[in-house]
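User: I am in my first year and would like to learn how to read a predicted model with care. Could you look closely at a single part of this one, explain how that part sits among its neighbours, and say how far the picture may be trusted?

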Amino acid sequence: MRAELMKFPRFILILAVAAGTPLLAPAVEVDGIMAVVADKVITYQQVAEYTAPAIEALNRQYLAQPEVFREKSQTVMRDGLEQLIERALILHTYESGGYNPLPDSFVDSLVQDKIRDNFGGDRVTMIKTLQAQGITVEEYRKQLLDGYIERGLRAQNVQKAIIISPSKIESYYQAHPDEFKVEDQVKLHMMVLTKPSPDDTNTLALAREIAGKIKAGVPFAEMTAVYSQSSPQHPGGDWGWVERSVLRKELADAAFTLAPGQVADPVDTPDSVYIIQLDEKKPAYVRALADVRDAIEKTLLLQEQARLSKEWIDSLKKKTYLVRFGF
């Protein structure tokens, strides 16, 4: 069987630039064998269809960076092949493990659940959607069944009860202090005056006038209501608590030198002038263990599940015929 399979052409990835858009395309034929797991063949077409949404997203994101697109899309394809291999290993384990086959009535219930959740309860809508995607109802039923089996066996072998002890949580907390560090923070009001052009000076003059009135006791929110182009998400110019890294450098430098209650001299940038009033300050600190215990437990749980998953998949690979031809 191995000699026969080696006769199939391998596929490579190339970038075709059409109207300046990098596109992923097979270089040889419409399909080819990428891997064999037991008696199941994984084709290039299957990998391409499985990874298509991610590839399309990369294509949009790296429209003007074809080399970055090439590298990242190849990584996505390799990861996609590995995921399909894992699925094939798990399904082979089910088929050869003496499990009782699930009845058609159970698959019918899976389909009904999907019709309710994804297609507004309308079977006709489901069929039309599948047809547009080139998928038959029977293929869709098999996809749902395979997915259910895969999730079930993963839960049985990987996502079983894992206990994360308090000592592990505390050890993680002590070993990763940077993960729980909160930067210096300021609570501030900020007004934005947009310049009509980079060389405009009138906006800066107006900002100085406004800042003078605020320093003299006029409420910041009152001046903001009249003059500011601040975002609606900051009513009255109230930005709440922000970390230094959230602000552009010129604004951070001005805000973090103020004392509570002070108003900075207007900050002039090429596109806008900013007026800042500092309300309160908080120095950097490390969040208490009690505040991050749940997050640490979740992190350790995911790490343990990943370790068990790798061990389980590696054990399946050792006892199942597996050969790769691509990537």
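Analyst: Two residues are said to be in contact when heavy atoms of theirs lie within 4.5 Å. With that term in hand, we may examine helix α3, which comprises residues 66–96. The structure is a predicted model, and a few words on the chain as a whole should come before the helix.

The chain has 327 residues, of which 36% are buried. Its secondary structure comes to 11 helices and 11 strands. Among the contacts with a separation of 6 or more, 67% join residues that are 24 or more positions apart.

The confidence of the prediction must be considered as well. The mean pLDDT of the chain is 87, and 90% of the residues reach 70 or more. Among the elements, helix α7 (residues 166–175) has the highest mean, 96, while strand β1 (residues 13–18) has the lowest, 32. Residues 1–30 have a pLDDT below 50, although the model gives this stretch 63 contacts beyond near neighbours in sequence. Where pLDDT is low, the predicted coordinates should not be read in detail.

We now turn to the helix itself. α3 has 31 residues, and its first and last C-alpha atoms are 44 Å apart, close to the 45 Å expected at 1.5 Å a residue. Just after α3 comes glycine 98, whose phi is positive, about 80 degrees.

How does α3 meet its partners? Two packed helices are described by the angle between their axes and the distance between the axes. One partner is helix α11 (residues 289–318). The axes of α3 and α11 come within 10 Å and cross at roughly 70 degrees. Since angles of 65 to 115 degrees count as roughly perpendicular, α3 is roughly perpendicular to α11. At this meeting, α3 contributes Glu82, Glu86, Leu89, Ile90 and Thr93, and α11 contributes Trp312, Ile313, Leu316 and Lys317.

Two of these residues deserve individual attention. Leucine 316, in α11, has a relative accessibility of 1% and therefore counts as buried. Setting aside neighbours within four places in sequence, leucine 316 is in contact with Leu89, Ile90 and Thr93. Leucine 316 also shows how the fold brings together residues remote in sequence: its C-alpha is 9.4 Å from that of histidine 92, though the two are 224 residues apart along the chain.

Threonine 93 is on the α3 side of this meeting. What is its relative accessible area, and is threonine 93 buried or exposed? The value is 18%, and because the limit for a buried residue is under 20%, threonine 93 is buried. Not counting residues up to four places away in sequence, threonine 93 touches Tyr99 and Leu316.

A further partner of α3 is helix α6 (residues 137–157); the two pack at an angle of about 85 degrees, with their axes 9 Å apart. This angle makes α3 roughly perpendicular to α6. Here Glu86, Arg87, Ile90, Leu91 and Tyr94 of α3 meet residues of α6, namely Asp146, Ile149, Glu150, Leu153 and Arg154. Glu86 and Ile90 of α3 thus appear in the meeting with α6 and in that with α11.

Helix α11 can be followed to another residue, glutamine 305. Glutamine 305 is buried, with a relative accessible area of 18%. Its contacts, leaving out residues up to four places away in sequence, are Val158, Gln159 and Ile162.

Finally, helix α8 provides an example of how a helix may be divided into sides. The residues Thr203, Leu204, Ala207, Ile210, Ala211 and Ile214 of α8 are buried. They cover an arc of only 120 degrees around the axis and so lie on the same side of α8. An α-helix has 3.6 residues a turn, so residues three or four places apart point the same way. The buried residues of α8 pack against β6 (185–194), α9 (220–227), β8 (267–268) and β9 (272–282). On the face turned away from this buried side are Asn202 and Arg208, which are exposed.

In summary, α3 is roughly perpendicular to α11 and roughly perpendicular to α6. Its threonine 93 is buried and touches leucine 316, which is itself buried.

Key
Residues are numbered from 1 along each chain as its sequence is written. This is a predicted model: local features need pLDDT of at least 70, side-chain atom pairs count only at pLDDT 80 or more; totals for chains, interfaces and linings use all residues. Side-chain values use heavy atoms; hydrogens and water are left out. Buried means under 20% relative accessible area, exposed over 50%, partly exposed in between (1.4 Å probe, protein chains only). Helices (H or I, at least four residues) and strands (E, at least two) are DSSP runs, numbered from the N terminus. The arc is that of the directions from the helix axis to the C-beta atoms. pLDDT is the predictor's confidence in each residue, from 0 to 100. Axes are lines fitted to C-alpha atoms, for helices over the stretch in contact, and angles run from 0 to 180 degrees between N-to-C directions. Angles under 35 degrees count as roughly parallel, over 145 as roughly antiparallel, 65 to 115 as roughly perpendicular and the rest as oblique. The expected span of a helix is 1.5 Å times one less than its number of residues.
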